[in-house]
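The following exercises concern strand pairing and overall composition in a single protein chain. Please work through each task before reading its solution.

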Amino acid sequence: MKNTVRSTFRLRWLVAALAVLTSATAPAAEPNSAEPTARPAGTTLKEVVGLTNPESAVAHADGRIFVTEIGAFNKAGDGKVTVVHPDGRTETLVGGLNDPKGMDLFGDRLYVADVDRVLRIGLDGTVTELAKPGDFPNKPVFLNDIEIDGDGVVYVSDSGDDKGQGAGIYAIAPDGGIRTVLGANAGIMRPNGLLLDGPRSLLVADFGTGKLFRLVMKKADGKPALKLLYSGFGAADGLLRDRDGALYVSDWKGGKVWRLSKPRSAPQLITEGHKSSADIGLSADGHYLLMPDMMAGTLVFVPLK
């Protein structure tokens, strides 16, 4: 009996030793290059790379970030909306878009400007065409930014061509009706970034002149009032307010972002040296500016506090 126990013990010892030796000499498994590497817990995400012409970024309350990727310019079908998870992993929410640009989140649905149409996208990837090209009062040329008010009215800017022809701002009502808020040659050369600024009022970034305007929309068919607030923002692109009410303006051509404590206060440069600062967003915790650097193919997290 003792010999049997001793033999069994020796056998178990040899098996355990062999297992340790094998694990020590076996080569480590290579990471799957097809899957993005997750960010270690407790670290801060500073940048997302490998994007193809990212244009707009918006954060969900659960920490996910949605980014529009244009793909190749003027190539139909290769655009998409990408999800950036809190751990840094990325995946495609929906593909097959054309040149998706501005985006907003309302009622757990994304609203995206896609060249000449506006899409409504569920967080499950379901796509609905909210506004088709033929639905607009004028033929869309370059639908760009999206802003949504508390009543669900979707405002969309059309930057027109390089000279501002075909430019304008439209309002899409919850019942699907579309009206012109501001037409071409009405004081803003190439409307781009939109931001609500009180009842019936929008801040508008002019991509063509680098100016910042306040647009007050009149009731019914009244003529809108336009006021110049500031200039010198290069190719003004995105507009954003943080939780303290400060305003941010991005300059696509100059690769810069400015901060203004109020729309008419002196701008302070908070980041520069980027290739093309596009449509900016705010992180779910309010601590970071989400800045797609389009030509660099990255999403940059700019600390605000």
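**Exercise 1.** Determine which residue in S8 stands opposite tyrosine 111, and place the two strands concerned in their sheet.

*Solution.* In this predicted model, the residue opposite tyrosine 111 is arginine 120 in S8. Next, consider the strands: S7 covers residues 109-114 and S8 covers residues 117-122, and six bridges pair them in the antiparallel sense. Then widen the view to the open sheet, where four antiparallel strands follow the order S6-S7-S8-S9. Strand S6 (100-106) and strand S9 (127-131) each have a single partner strand, so one side of each lacks a neighbour in the sheet. Finally, neighbouring strands of this sheet are turned by 25° against each other on average, with direction ignored.

**Exercise 2.** Identify the edge strands of the open sheet with the order S1-S24-S23-S22, and describe the pairing of S22.

*Solution.* The sheet has four strands with antiparallel pairing. Its edges are strand S1 (47-48) and strand S22 (281-282); each has a single partner strand, so one side of each is left without a neighbour in the sheet. For S22, the partner is strand S23 (residues 288-293), joined to S22 by two bridges in an antiparallel arrangement. Within this pair, leucine 282 stands opposite leucine 289 in S23.

**Exercise 3.** Summarise the chain as a whole: how many helices and strands does the chain have, and what share of its residues is buried?

*Solution.* The secondary structure comprises one helix and 24 strands. Of the 305 residues in the chain, 45% are buried, that is, under 20% relative accessible area. The exposed surface of the chain is about 15,300 Å², of which carbon and sulfur atoms supply 53%.

Terms used: Residues numbered from 1 in each chain as written. Predicted model: local features only at pLDDT ≥ 70, side-chain atom pairs only at ≥ 80, totals over all residues. Heavy atoms only, no water. Pairing = 2+ DSSP bridges. Axes fitted to C-alpha atoms, helices over the stretch in contact; angles between N-to-C directions. Buried < 20%, exposed > 50% of the residue type's maximum accessible area, 1.4 Å probe, protein only. Areas by Shrake-Rupley, 256 points an atom, 1.4 Å probe, with all protein chains shown as cover.
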